[in-house]
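The exercises below concern one protein model and are to be solved with the sequence and the coordinates at hand. Each task is followed by a solution in steps.

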Amino acid sequence: MPTSRRTFAALAVSALLLPLSACGSGSDGGGSGDASGKIEGDITFQTWNLRANFKDYFDGVIADFEKKHPGTHVKWVDQPAEGYADKISADAAGGTLPDVVNVSPDLVAPLAKAGLALDLDKVAAKYRKEYLAGAWASHRIPGMTGTYAFPWYLNTGPLFYNKSLFKKTGLDPDQPPKTYDDLFADALELARKSDGKVATLANVPTIEDFGRYGVELMNKQGTAFTFNDAKGVQLLAKYKELYDAKALDPQALTATPESSGKKFLTEAVAMNPGSALDLGNFKKQAPNLYKNIGITDQITSTGHVNMYVMGVMVNSRTRHTAASVAFAHWVTDAEHQMSFAEKVAIFPSTAGSLDDPYFTKEDGTDETRVRIAAAKSLKNAVNYTPVLFSEQMKTALRNEVAKALQGKESPKTALDNAVRACNTLLQQQG
């Protein structure tokens, strides 16, 4: 279950070029697109790596739906995380895409472009007010009108820091950085005081980091990336300064989220992003770190933290549009999202749910403190990663960032090259 940021390959180009006659799992010619009809019929619901841990929960959700709507039958299929994007691509190309599909924004974009994702603004606009505005907007596609999936569960997290490392190098352990200027200054100071032995960060900047910094990532038409502006160059230049001073871990160029987490766990770096789930891991695997753990907010120049979001899409070619829309809404309504959030460390996307005592009432534990802080920040969070930003584009950006940090290219040249490569890939998407 992807409760933190998980990256998956973008759908194959074939999925982008599908004929609009492609059909759903119960379809032989396409659906009417009318959700106002009688809620009946057999539909298929596909989730993403959830059966192993949540079988009883989903069996109950489905049984209650079928009881409320006699004449409906929901077949639940669950796909493994590995190869999920490829599976959706193959189903879309073969006309066997399920009626209701668990997606992330980057997965829904090619399907929407191919006409296979139902536009909820046309058939389910009455539900829009039930969801957080930022969550509803997360499944919109630049250059297109409409919203192409119900928002489902969200996640975000704080920035953890090691109070002991701060204290050893003369930084105030109770005053973590709140702004980027603070972060860069503290990182350079920590590196200087430790003779380059302790880095503050273990990751190079990603597209979402540029977004948090306030960089305009893409034009409003969705036709070109623009993260090579002056602000983008400024951020990369700052990271170059950190890298040269060893305030950025030397292995950051090849780091993964897992390896960066291990660096923090072994107290080799001073700060790392995370979630409430990490606290139990710290307590078990690194009790000394847990004893000295500091928890602060994500750093952002925009006033909005980053949100990771999952969605539930309706296949536009389903024969049972009314039942499919009703079930997608059922799974993602406030009652069901709240019950799901109490089973795992995720957050509901429904308006008002984050005001529940579960997300607001302190009990003295760090886990609850993190949950409450994350819930508060999610109310106006955004998904910075553009829905059209594919895995190939992420690789292109990462490669150019590495060249800049190593001094092989200037930050400006590196970002110009990254934008050029990403725009070429964007044009190839169609």
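**Exercise 1. The nonpolar cores**

Which residues of the largest nonpolar core touch the most other members?

Solution. The model is predicted: local features require pLDDT of at least 70, side-chain atom pairs count only at pLDDT 80 or more, and totals for chains, interfaces and linings use all residues. Residues are numbered from 1 along each chain as its sequence is written, and side-chain values use heavy atoms, with hydrogens and water left out.

Step 1. A nonpolar core is a set of buried Ala, Val, Leu, Ile, Met, Phe, Trp, Tyr and Cys residues joined through side-chain atoms within 4.5 Å. Buried means under 20% relative accessible area, exposed over 50%, and partly exposed in between, with a 1.4 Å probe and protein chains only.

Step 2. The largest core has 121 residues, of which F58, F150, F227, M313, F327, F340 and L397 touch the most other members. A second, separate core holds 14 residues, among them A286, L289, Y290 and V370.

Step 3. In soluble globular proteins, nonpolar side chains tend to be buried together.

**Exercise 2. Aromatic pairs and charges over rings**

Determine how W136 and F150 are arranged, and state which parts of the chain their pair ties together.

Solution. Step 1. Rings of Phe, Tyr and Trp (its six-membered ring) pair if their centres lie within 6.5 Å; planes under 30 degrees apart count as stacked, over 60 as edge-to-face and the rest as tilted. The count by this rule is 30 aromatic pairs.

Step 2. W136 and F150 are 6.1 Å apart from centre to centre, with 80° between the planes, and form an edge-to-face pair. Because W136 lies in helix α6 (residues 133-137) and F150 in strand β4 (residues 150-155), this pair ties together parts that are 14 residues apart in sequence. Helices (H or I, at least four residues) and strands (E, at least two) are DSSP runs, numbered from the N terminus. Both W136 and F150 are buried.

Step 3. For Y161 and F166, the ring centres are 5.1 Å apart and the planes stand at 50°, so this pair is tilted. Y161 is buried at 4% relative accessibility, and F166 is buried at 1%.

Step 4. Ring pairs also link F45, F54, Y57, F58, F65, W76, W152, Y153, F327, W330 and F340 into a cluster.

Step 5. A charge sits over a ring if NZ of Lys or CZ of Arg is within 6 Å of the ring centre and within 35 degrees of the ring normal. R51 lies over the face of W76, 4.0 Å from the ring centre, and the charged end of R371 sits over the ring of Y358, 4.0 Å from its centre.

**Exercise 3. The five-stranded sheet**

Establish the strand order of the open sheet and identify its edge strands.

Solution. Step 1. Two strands pair if DSSP finds at least two bridges between them. The order of the five strands is β2-β1-β3-β8-β4, and the pairing is mixed.

Step 2. β2 (72-79) and β4 are the edge strands, each pairing on one side only.

Step 3. Strand β1 (residues 41-48) pairs with β3 in the parallel sense over two bridges; F45 has V100 as its bridge partner in β3. β3 and β8 run antiparallel and are joined by four bridges, with V103 opposite G311 in β8. Four bridges also join β4 to strand β8 (residues 308-314), again in the antiparallel sense, and L154 stands opposite V309.

Step 4. From strand β3 (residues 100-103), V100 and N102 point one way and V101 and V103 the other way; all are buried.

**Exercise 4. Two helices and their ends**

Is the side of helix α11 that carries E258 and K262 buried or exposed?

Solution. Step 1. In α11 (residues 257-265), S260, F264 and L265 are buried. They cover an arc of only 145° around the axis, taken from the directions from the helix axis to the C-beta atoms, which puts them on the same side of α11.

Step 2. On the other side, E258 and K262 are exposed.

Step 3. E267 follows α11 and has a positive phi, near 65°. With a relative accessible area of 24%, E267 is partly exposed.

Step 4. For comparison, eight of the nine residues of helix α4 (residues 105-113) are buried, so α4 is largely enclosed by the rest of the structure. G115, which follows α4, has a positive phi near 80°.
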